[in-house]
Amino acid sequence: MSRRVYLDHNASTPMHPEVLAAMLPFFGEVYGNPSSVHAFGRAARDAVDDARGRIARFLAVRPDEIVFTSGGTESDNFGVKGLALARGSGHVITSRIEHHAVLRTCEALEHQGFGVTYLPVDDQGRLDPDDVKRALRADTVAISVMHANSETGTIQPVGEIGAIAREHGVPLHVDAVQTFGKIPIDVEAMGIDLLSFSGHKIYGPKGAAGLYVRRGTKMVAVQHGGEHERRRRAGTENVPGIVGLAAAVEVRGREMHAEAERLSALRDRLWEGMRARIPESRLNAARVARLPGTANVVFRHVESESIVLGLDLKGVAVSAGSACTSGNVEPSYVLVAMGVPVDWAMGAVRFSLGRDTTAEDIDYVVEAIAPIVEKLRRASPGRAPAATATA
């Protein structure tokens, strides 16, 4: 294997060296429980409070509006359930392409008597704010939409949806796990009341995440126990993880804008290279704003899993969709919602670039994937490809 190329950063990222360095003392000499009143505990509490303050500054919010959690899934569960259950009953609005952390939370709420509207998206994976407005009811208690889709990278019109939510007095939860630290987020301007984010998508540790909760938002805890996190989320804080999360946020504050520009150029280079070499390939969500480092490409008459495995043998890591749906032989529910035909959707591959991705990596991937797709198509009788690729 001559080269190793990691293009699955939407699933998880390698930890930044600064993050690891910041965390190491909290695996050793600083080991107290942050709820303890002695010096050992106060040292841990100071670290948690400092991390909370740094993350709050990054989002331009108050420190007491940051709640630490164990991951994006818990943040989404807390955000949606916490809003709905605080009101006891009512109606929730979301979309058909949300992460399963939101979709299955909404399904759980339906079993508890809540009504849920799952809004469609267009062929670019974009939600229409007017559909949100039309879905509102007198008993709507929450709206939950993702900032950007993890598979296609489509960025949703959250600001427009936030304006509608504010106009009607409905709290808005945004799953920003794929955008936090990658593109700018202004919770005030965008009308966001709750925002989920996670460390391992931004070169921080797994198991450390958070939920921004606007002061005054009516919520109930969904995990019970002690007095932690102002009684909003019980459980001893993951001090090393929280310190690492804050360190990752600091790094993103320095690097985010320059990296977004660089990754956008590399992402486009990747697609142009594949389009020139591979007939009947198509870039999903090509006509809307996308995450800088995300390209979702479908190859007709080829199974995505075979491409993923073929690239893996060449040292290239990509995915067939969200890491949370890996192993599913059905076409992506996101692409189905976008109206992508099944014979295309079954050949979807997600390429997600990161801070260490180089132009040489991109060129290597382009050269590696073309013969893999050609070989797989030759093994499929009667499926001769056309001569063009589309976007």
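**Exercise 1.** How many salt bridges does the count come to?

*Solution.* The structure is a predicted model, in which local features need pLDDT of at least 70 and side-chain atom pairs count only at pLDDT 80 or more, while totals for chains, interfaces and linings use all residues. Residues are numbered from 1 along each chain as its sequence is written, and side-chain values use heavy atoms, with hydrogens and water left out. Step one is the criterion: a salt bridge is a side-chain nitrogen of Lys or Arg within 4 Å of a carboxyl oxygen of Asp or Glu. Step two is the total, which comes to 29 salt bridges.

**Exercise 2.** Locate the two partners of the salt bridge between E74 and R233, and classify their exposure.

*Solution.* The N to O distance for E74 and R233 is 2.7 Å. E74 belongs to helix α3 (residues 72–87) and R233 to the loop between α7 and α8 (239–277), so the pair ties together parts 159 residues apart in sequence. Helices here are DSSP runs (H or I, at least four residues), as are strands (E, at least two), numbered from the N terminus. For exposure, buried means under 20% relative accessible area, exposed over 50%, and partly exposed in between (1.4 Å probe, protein chains only). E74 has 14% relative accessibility and counts as buried; R233, at 13%, counts as buried.

**Exercise 3.** Treat the salt bridge between R166 and E188 in the same way.

*Solution.* The closest N and O atoms of R166 and E188 are 3.2 Å apart. This pair links distant parts of the chain, with R166 in helix α6 (residues 158–167) and E188 in the loop between β6 (172–175) and β7, 22 residues apart. R166 is partly exposed at a relative accessible area of 40%, and E188 is partly exposed at 46%.

**Exercise 4.** Describe the salt bridge of E227 with R231, then name the members of the network formed by shared partners.

*Solution.* E227 and R231 have their closest N and O atoms 3.2 Å apart. Both E227 and R231 are exposed. Salt bridges that share partners join R252, E255, E259, R355 and D356 into one network.

**Exercise 5.** Compare the settings of Y203 and R230, each with a positive phi.

*Solution.* Most residues other than glycine have a negative phi. Phi of Y203 is near 70°, and phi of R230 is near 55°. Y203 sits in the loop between β7 (194–198) and β8 (209–213), whereas R230 is in helix α7 (residues 228–231). Y203 is buried, with a relative accessible area of 6%; R230 is exposed, with 60%.

**Exercise 6.** Characterise the largest cavity.

*Solution.* On a 1 Å grid over the protein atoms alone, a cavity is a set of points where a 1.4 Å probe fits but cannot get out, and lining residues have an atom within 4 Å of a point. The structure holds 2 cavities of 30 Å³ or more. The largest has about 150 Å³ of space, where a volume is the space filled by probe spheres set on the points. It is lined by 17 residues, of which K182, E259, L263, G293 and L353 are the closest to its centre. Helix α8 supplies the largest share of this lining, 5 residues. By class, the lining has 7 nonpolar, 6 polar and 4 charged residues. In this scheme Asp, Glu, Lys and Arg are charged, Ala, Val, Leu, Ile, Met, Phe, Trp, Tyr, Cys and Pro are nonpolar, and the others, Gly among them, are polar.

Key. 1 Å grid on protein atoms, 1.4 Å probe; cavity = no way out; pocket = protein on both sides within 12 Å on 5 of 7 lines; lining within 4 Å.
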